[in-house]
Amino acid sequence: MAISKDLVAASATPLVLSILSEGENYGYAIIKRVHKLSGGQMQWTDGMLYPVLHRLEEQTLIQSKWRESKTGRKRKYYKIKKEGTKALKEQKNQWKVVYSTLRQLWESGPCLT
Amino acid sequence: MFDLNEKISTWRSNLAQSQALGSSDIDELESHLREEIESLKCIKLSDEEAFLIATYRLGDTARLSDEYAKINLGKRFRQNVSWMITGILTYLLAAHFATAISKGCVLLAANSGITGYRSLGFIGFGSQILTLITTFFLGYFICRSILQIPGFRKQIKELTTRMLLLTVLLVFLIMTVVFRAAFHIPVPGFRPMNIQQNVTQALTYTKFLWSIFLPVILVMLLINLRKPNSHGVKSQ
């Protein structure tokens, strides 16, 4: 089962912010982590993550820095900012409302009367 | 023989054609691509296979450039506005330069015994044309060589038709006013008493026309630059 494009796009911001809230990271590793956590069901076109990261940076939720890794490869690392943590909290609350609404509907079963 | 670095540099230059992607954006994508290729080679894929899969996963260049355009558009617009302001300042500089030259010419002419408002009027008109030409070439040179704006030649090409039309109209109007003054044909709305008034009037009209047309041209330029131009990229 592949997740629909719209849903992937909508969940991109909370996913990225959540991963970055664990510590700074770079694009390739963020994609790999989402892939692993979703059991391969959340398929991003890899390149599409970067415009999302740049948008979040423009909104000053995250910041970036070019740095050399231990293996000598140059990577752009992203780090969450205070505003980002705040935005993530807000996003979490919103997703919780959506999730609980759907769950109540699905758990009560279809109403046929 | 498959040359991985050569393939990557072709892929890079393909992306660089898009105005939406800056060189730092492309660096970041390349870093991702190389990382993916490395990990694919770990599972015993050849360079060629790894490159093909990695570029496929990264996404079609045309779509990538569309996505980047959405983000970079605002940034680019602000950049363009700052170039515009630079342009206006350059124009003002050129205008002052031309005025200085024309004043010098008038002084030289007066000292050589050439007098008469008609000749002085023509010197003024000549200086305006000089300003136009100097500004255009100065601006073109700065944009091409110093600022190295990507896709500048294409932008100029797209603008040329509209700008040409406006310039022809502008020059025609200025010429009409100046020739009317030169040949003592009164300009509607004002009946000059002597040739001095006639020249003054012609110059006033010219300045008035400039003040109308300059903002119009600037607004047209801004509208034109606002359009996203992300389809200049070849699809892979």
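## Two chains, from a loop outward

Lys44(B) sits in the loop between α2 and α3 of chain B, with helices (H or I, at least four residues) and strands (E, at least two) taken as DSSP runs numbered from the N terminus. This is a predicted model, where local features need pLDDT of at least 70, side-chain atom pairs count only at pLDDT 80 or more, and totals for chains, interfaces and linings use all residues. Residues are numbered from 1 along each chain as its sequence is written, while chains are lettered from A and ligands numbered from 1 in the order in which they are written.

Back to that loop. Phi of Lys44(B) is near 70°, a positive value in a residue other than glycine, and the residue comes just after α2(B). Most residues other than glycine have a negative phi. Lys44(B) counts as exposed because it has 8 C-beta neighbours inside 10 Å. For burial, the other C-beta atoms within 10 Å of a residue's own are counted: 20 or more makes it buried, 12 or fewer exposed, and anything in between partly exposed, with C-beta atoms placed from the backbone.

Chain A has a residue of this kind as well. Thr60(A), another non-glycine, takes a positive phi near 55° in the loop between α3 (49-58) and β2 (62-68) of chain A. Its 12 C-beta neighbours inside 10 Å are why Thr60(A) counts as exposed.

**α2 of chain B**

The helix before Lys44(B) has 20 residues and reaches 29 Å from its first C-alpha to its last, close to the 28 Å expected at 1.5 Å a residue; that expected span is 1.5 Å times one less than the number of residues. The buried residues in α2(B) are Asp25(B), Glu28(B), Leu29(B), His32(B), Leu33(B), Glu35(B), Glu36(B) and Ile37(B). An α-helix has 3.6 residues a turn, so residues three or four places apart point the same way.

α2(B) also has a part in the interface. Here 15 residues of chain B are in contact with 15 residues of chain A, contact being C-beta atoms, placed from the backbone, that lie within 7 Å. On the side of chain B that touches chain A, two or more residues come from each of α2 (23-42), α3 (47-58) and α4 (61-111) of chain B. The largest share, seven residues, belongs to α2(B). By class, this side has five nonpolar, three polar and seven charged residues. In that sorting, Ala, Val, Leu, Ile, Met, Phe, Trp, Tyr, Cys and Pro are nonpolar, Asp, Glu, Lys and Arg charged, and the others, Gly among them, polar.

**The sheet in chain A**

Chain A runs α-β-α-α-β-β-α from the N terminus on. Its three strands form an open sheet in the order β1-β3-β2, with antiparallel pairing; strands pair if DSSP finds at least two bridges between them. β1 and β2 of chain A are the edge strands, each pairing on one side only. Two bridges join β1(A) to β3 (residues 74-80) of chain A, and Asn25(A) stands opposite Tyr78(A) in β3(A).

Tyr26(A) lies in β1 (residues 25-26) of chain A and counts as buried because it has 21 C-beta neighbours inside 10 Å. Leaving aside neighbours within four places in sequence, Tyr26(A) is in contact with Arg75(A), Lys76(A), Tyr77(A) and Tyr78(A). Ser64(A) is 38 residues from Tyr26(A) in sequence, yet 9.1 Å away in space, C-alpha to C-alpha.

Helix α1 (residues 5-21) of chain A lies across β1, β2 and β3, at about 95° to β3(A). Axes are lines fitted to C-alpha atoms, for helices over the stretch in contact, and angles run from 0 to 180 degrees between N-to-C directions.

**Chain totals**

Chain B follows the pattern α-α-α-α-α-α-α along its sequence.

| Chain | Elements | Buried residues | Contacts 24 or more positions apart, among those with a separation of 6 or more |
|---|---|---|---|
| Chain A | four helices, three strands | 24% of 113 residues | 53% of contacts |
| Chain B | seven helices, zero strands | 18% of 236 residues | 72% of contacts |

**Confidence**

The model scores ipTM 0.86 and pTM 0.57. Chain B averages a pLDDT (the predictor's confidence in each residue, from 0 to 100) of 72, and 62% of the residues score at least 70. Within chain B, confidence is lowest in α6 (residues 152-182), at a mean of 67, and highest in α3(B), at 92. Over residues 227-236 of chain B, pLDDT stays under 50, and the model has 30 contacts beyond four places in sequence for that stretch. Where pLDDT is low, the predicted coordinates should not be read in detail.

Conventions
Contact = placed C-beta atoms within 7 Å.
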